[in-house]
Amino acid sequence: MPVTDSMFLLAESREHPMHVGGLQLFQPPADAGPDYISDLYHRLLKTDEVRPLFRRRPRGPVSSIGQWAWANDDDLDLEYHVRLSALPRPGRVRELLELTSRLHGSLLDRHRPLWEFHVIEGLADGRFATYNKIHHALLDGVSALRLLDTTLSTDPDARDLRAPWSPVQRLGPEPARPGRSGANGTRAPLRALRSVAGAVGNAASLAPAFAKVANQVRREQVGALPFQAPRSMLNVPITGARRFAAQAYPIDRVTAIRRAHGATLNDVVLAMCSGALRQYLLDLGALPDRPLVAAVPVSLRGAHRGDADGGNAVGMILCTLATDLADPAARLAAIRACMQRGKRIYAGMTPLQVTAVSALALAPMALSPIPGVVRVGRPPFNLIISNVPGPRRPLYWNGARLQGVYPVSIPYEGLALNITVTTYDGSLDFGLTGCRRSVPSLQRMLGHLDTALADLEKATVPA
């Protein structure tokens, strides 16, 4: 098990679940009968061919530092992992989000493979949803979305139901399962030795990478550094209970702003979040004088790399949100400049170097579970905001059209709110995941996101 994966197991506790999830909303096909959803669920239970990723569970101690390898569960109980739920009346999206909040707050059983898949019926408008969660030690957000893409079809008439755990069709032989040797009993150990040798060889390149960062910071006076973030109501101890809010926005509106300001789509997303957070904290009388700082993950995966074997490959940029500025255009300009500086620092680095440098910003999070650290220490940043590219075309599952893909992510100790955004078929789907106790009235953030987008549009129109 790579160290980058095992650390998500080591950091987990009852108050800190470390799984990622997703809420998908579907419109059944026109010819769907009254038993469509029930039939779909029972068909899923019959798809008992399971890819290796979905058989993995931690080997050895499940509550100590012994989680360095995966074991394979050859007696997978599919009925435990795949579940059918129904919403209470009146079956609004509000009830769907409340159910998702409760499901996302419960820990995965480490004695079993670390995933669940829920089919949810009972929406008053006839739609249905799926909620899936999988441990971050198995997948990062980019891998999870690519996995979702393999289960869906561009053909609305296709009825060949594919489950996320079904094996990917391959032209060659399937790779050996983790934790097992090959036919001659030596391949897995040799792979491990090669991996260790490669890591040792790459370690020599880390010193120049750190030197480059130090020189760049000194030369450009980068404003967003660890421990430069102000204390805020978001940087407090959290509980394991979650609250989830979600909303979609047409990507065309964001694209118009991006083009007018010479920014990236992610810059505009950050500016929307900045405006929403500023107003949310103002309403509560809790806006810090200094600007909030967001940790922004950047994927290190190549465009053609397969992700069937899971794992994590992300770097991190710390970006000011300029919440001390009232003008939305000025906030966007400050965010754009900060993100450009962060990208210049990483230019030319290998994924290993980016990961190592990012670890400097994330390292303080390892101390946050120590009692008292969050209350007395200064936060390295205030929250995490991720933008994960998703499918660009309309997709279908057993004839049902996918209408929304809402990411459900991880709040951390001292980081009570996480905002993750996914692009899908001309829309930006926002998922806001917060500690139920520490982030009151999270749904109000959705209205503030509406206002922030409208304010950016007004700032874009020439006077």
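A contact is defined here as heavy atoms within 4.5 Å. Among contacts in the protein chain between residues at least 6 apart in sequence, 79% join residues at least 24 apart. The model is predicted, and local features need pLDDT of at least 70, side-chain atom pairs count only at pLDDT 80 or more, while totals for chains, interfaces and linings use all residues. Residues are numbered from 1 along each chain as its sequence is written, and side-chain values use heavy atoms, with hydrogens and water left out.

The protein chain has 13 helices and 14 strands; these are DSSP runs numbered from the N terminus, helices being H or I of at least four residues and strands E of at least two. Of its 463 residues, 51% count as buried, where buried means under 20% relative accessible area, exposed over 50%, and partly exposed in between (1.4 Å probe, protein chains only). The protein chain exposes about 20700 Å², of which carbon and sulfur atoms supply 55%. Accessible areas come from the Shrake-Rupley method with a 1.4 Å probe, and for residues only the protein chains shown count as cover.

Helix 1 spans residues 3-10 and contains Asp 5. Asp 5 counts as buried because its relative accessibility is 5%. Its C-alpha lies 7.3 Å from that of His 136, although the two residues are 131 apart in sequence. Leu 10 is also found in helix 1, and it is partly exposed because its relative accessible area is 38%. Together with Val 3 and Trp 68, Leu 10 makes a nonpolar surface patch of about 300 Å². Patches are made of residues with over 30% relative accessible area and no salt bridge; like charges are joined within 9 Å, and nonpolar side chains (Val, Leu, Ile, Met, Phe, Trp, Tyr) within 5 Å.

Further along the chain, strand 4 (residues 82-86) and strand 5 (residues 115-121) pair in the parallel sense over 5 bridges; two strands pair if DSSP finds at least two bridges between them. In this pairing Ala 86 stands opposite Glu 121 in strand 5. With helix 4 (residues 93-104), the two strands make a right-handed β-α-β unit. A crossover is right-handed if, with the strands pointing away from the viewer, the path from the first strand over the helix to the second runs clockwise.

Side chains of opposite charge can pair when their charged atoms come close. A salt bridge is a side-chain nitrogen of Lys or Arg within 4 Å of a carboxyl oxygen of Asp or Glu, and by this rule the count comes to 11. One of them joins Glu 116 to Arg 83, with the closest N and O atoms 3.5 Å apart. This pair links distant parts of the chain, Glu 116 in strand 5 and Arg 83 in strand 4, 33 residues apart. Glu 116 counts as buried at 5% relative accessibility, whereas Arg 83 is partly exposed at 26%.

Within helix 4, the side chains of Arg 94 and Glu 98 meet in a salt bridge (3.6 Å, N to O). Because they are 4 residues apart in this helix, about one helical turn separates Arg 94 and Glu 98. Arg 94 counts as exposed at 54% relative accessibility, and Glu 98 is partly exposed at 34%.

A further salt bridge joins the side chains of Asp 149 and Arg 393 (3.7 Å, N to O). Asp 149 lies in helix 5 (residues 141-151) and Arg 393 in the loop between strand 10 (383-388) and strand 11 (396-397), 244 residues apart.
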